[in-house]
Amino acid sequence: MTYKTIIDCDPGQDDAVGLLLALASPEEIELLGVTTVAGNVPLELTTRNARMMCDLAGRCDMPVFAGCSKPIRRELVTAEAIHGETGINGIDIWDPITPQQAEHAVSYLVDTLTKADDASITLAMMGPLTNLASAIKKAPSIVAKIERIVLMGGAMREGGNRTPSAEFNILVDPEAADLVLNCGCPIIQMGLDVTHQVLSTRERVQRIKGLGNSVAIATAGMLSFFDSFDTKKYSSEGAPLHDPCTIAWLIRPELFVSKRCNVSVETVSDLTAGHTAVDFWHVTDRPANVDWVYEIDADGFYDLLTERLERFGG
Ligand code: BDR
Ligand code: CA
């Protein structure tokens, strides 16, 4: 099964690895374009980083569109403390060959989805949901064209990673998340409950590095930097590799366990803004709006990632 897919991201080392995993997997993922948003670092950097990943993967033909530079209603919150000042610390930066398209990401989403058949496009969302929410506000009819949204964001059992209550992507733009979660499309949601199971242990990173190709070496470099903050924070061996879970689900859904339920976003309280209220036990009558993913075969995930990165050569 090949999914016509658009990736929306804010690279970020984990977004970067998600892009590489998708670019290595053309049988399952026909990548139509990449849209970028402000999040982990400001928009100019997330766009440059996405273009760099297309260069690395030998896909300078991939259209990359820059989107919203700030959330719908709030000031931008960034995450240099975790990702470094470039967003992808751990590798050297270059001026990418892959061009930035002139069109804004929101109009690209509107145009592409408007022209598409009903329920034909998959959206893999790896950052704050500002671009998609803005596109839906502009042209609500595009919702019918989306086959599914696979998104990384939110938390239930794990609590928040940026505030006690909120996961970063939802915290940055809770209003966008609220709109997207209630848009009516099939949604597969990967929160911290699942991504915290996917740890980039030293052994797993070494295995990737050992592949020896330039993409694998860059991936290992980024993961080694990404580890430094989270391993202290969580006293874990390795950092959670959040965003590639969205792509892994499209390739091997059998690695994941999910439950259909309602997820609602807190948009009012200052204390708990961006909290995702996951009705895992169906204790409300709020209608189910997502498949909430809560378990993963982490070894299977790293086997998949390693096997796909090997495709970039020796
Ligand atoms: C999410 O926040 C970002 O820092 C990561 O790229 C990921 O998308 C995890 O909370
Ligand atoms: Ca991200």
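**Polar contacts, a calcium site and an enclosed ligand**

In this predicted model, the side chains of glutamate 28 and arginine 308 are joined by a polar contact of 2.9 Å. Glutamate 28 is found in the loop that runs between helix 1 and strand 2 (29-36). With a relative accessible area of 15%, glutamate 28 counts as buried, because the limit for that class is under 20%.

Helix 1 also leads to the ligand site, where helix 1 and helix 6 (168-172) each contribute at least two residues to the shell around ligand 1. In total, 13 residues surround ligand 1, and the closest are Asp14, Asn40, His83, Glu167 and Asp243. The space that ligand 1 takes up is the largest pocket.

Several polar atoms of the protein can be placed relative to the oxygen atoms of ligand 1. For aspartate 243, a polar side-chain atom lies 2.7 Å from an oxygen atom of ligand 1. Histidine 83 likewise places a polar side-chain atom 2.8 Å from an oxygen atom of the ligand. Methionine 126 takes part through its backbone, with an N or O atom 3.0 Å from an oxygen atom of ligand 1. Of the 280 Å² that ligand 1 exposes when taken alone, the protein buries 97%.

Methionine 126 and aspartate 243 turn up again at the metal site. The calcium ion (ligand 2) is coordinated by Asp10 (OD), by Asp15 (OD) twice, by Met126 (O) and by Asp243 (OD), at 2.3 to 2.6 Å. Along the chain, these donors follow the spacing D-x4-D-x110-M-x116-D. Distant parts of the chain are thereby linked: aspartate 10 sits in the loop between strand 1 (3-9) and helix 1 (13-23), while methionine 126, 116 residues apart from it, sits in the loop between strand 4 (121-125) and helix 5 (130-138). Both aspartate 10 and methionine 126 are buried.

A further position of interest to readers following the helices is serine 224, which belongs to helix 10 (residues 214-234). Serine 224 has a relative accessible area of 44% and is therefore partly exposed, whereas glutamate 28 is buried. The C-alpha atom of serine 224 is separated by 8.5 Å from that of serine 200, a residue 24 positions apart along the chain.

Technical notes. Residues are numbered from 1 along each chain as its sequence is written. Chains are lettered from A and ligands numbered from 1 in the order in which they are written. This is a predicted model: local features need pLDDT of at least 70, side-chain atom pairs count only at pLDDT 80 or more; totals for chains, interfaces and linings use all residues. Side-chain values use heavy atoms; hydrogens and water are left out. Donors are N, O and S atoms within 2.8 Å of the metal (3.2 Å for Na, K and Ca); water is not among the atoms, so sites may look incomplete. Helices (H or I, at least four residues) and strands (E, at least two) are DSSP runs, numbered from the N terminus. Buried means under 20% relative accessible area, exposed over 50%, partly exposed in between (1.4 Å probe, protein chains only). A residue is near a molecule or strand if one of its heavy atoms lies within 4 Å of it. A polar contact is a pair of N or O atoms within 3.5 Å; within protein, one must be able to donate a hydrogen and the other to accept it, and residues adjacent in sequence count only if both atoms are side-chain atoms. Accessible areas come from the Shrake-Rupley method with a 1.4 Å probe; for residues, only the protein chains shown count as cover. On a 1 Å grid over the protein atoms alone, a cavity is a set of points where a 1.4 Å probe fits but cannot get out, and a pocket is an open set with protein on both sides within 12 Å along at least five of seven lines; lining residues have an atom within 4 Å of a point. A molecule sits in a cavity or pocket if more than half of its atoms lie within 2 Å of its grid points.
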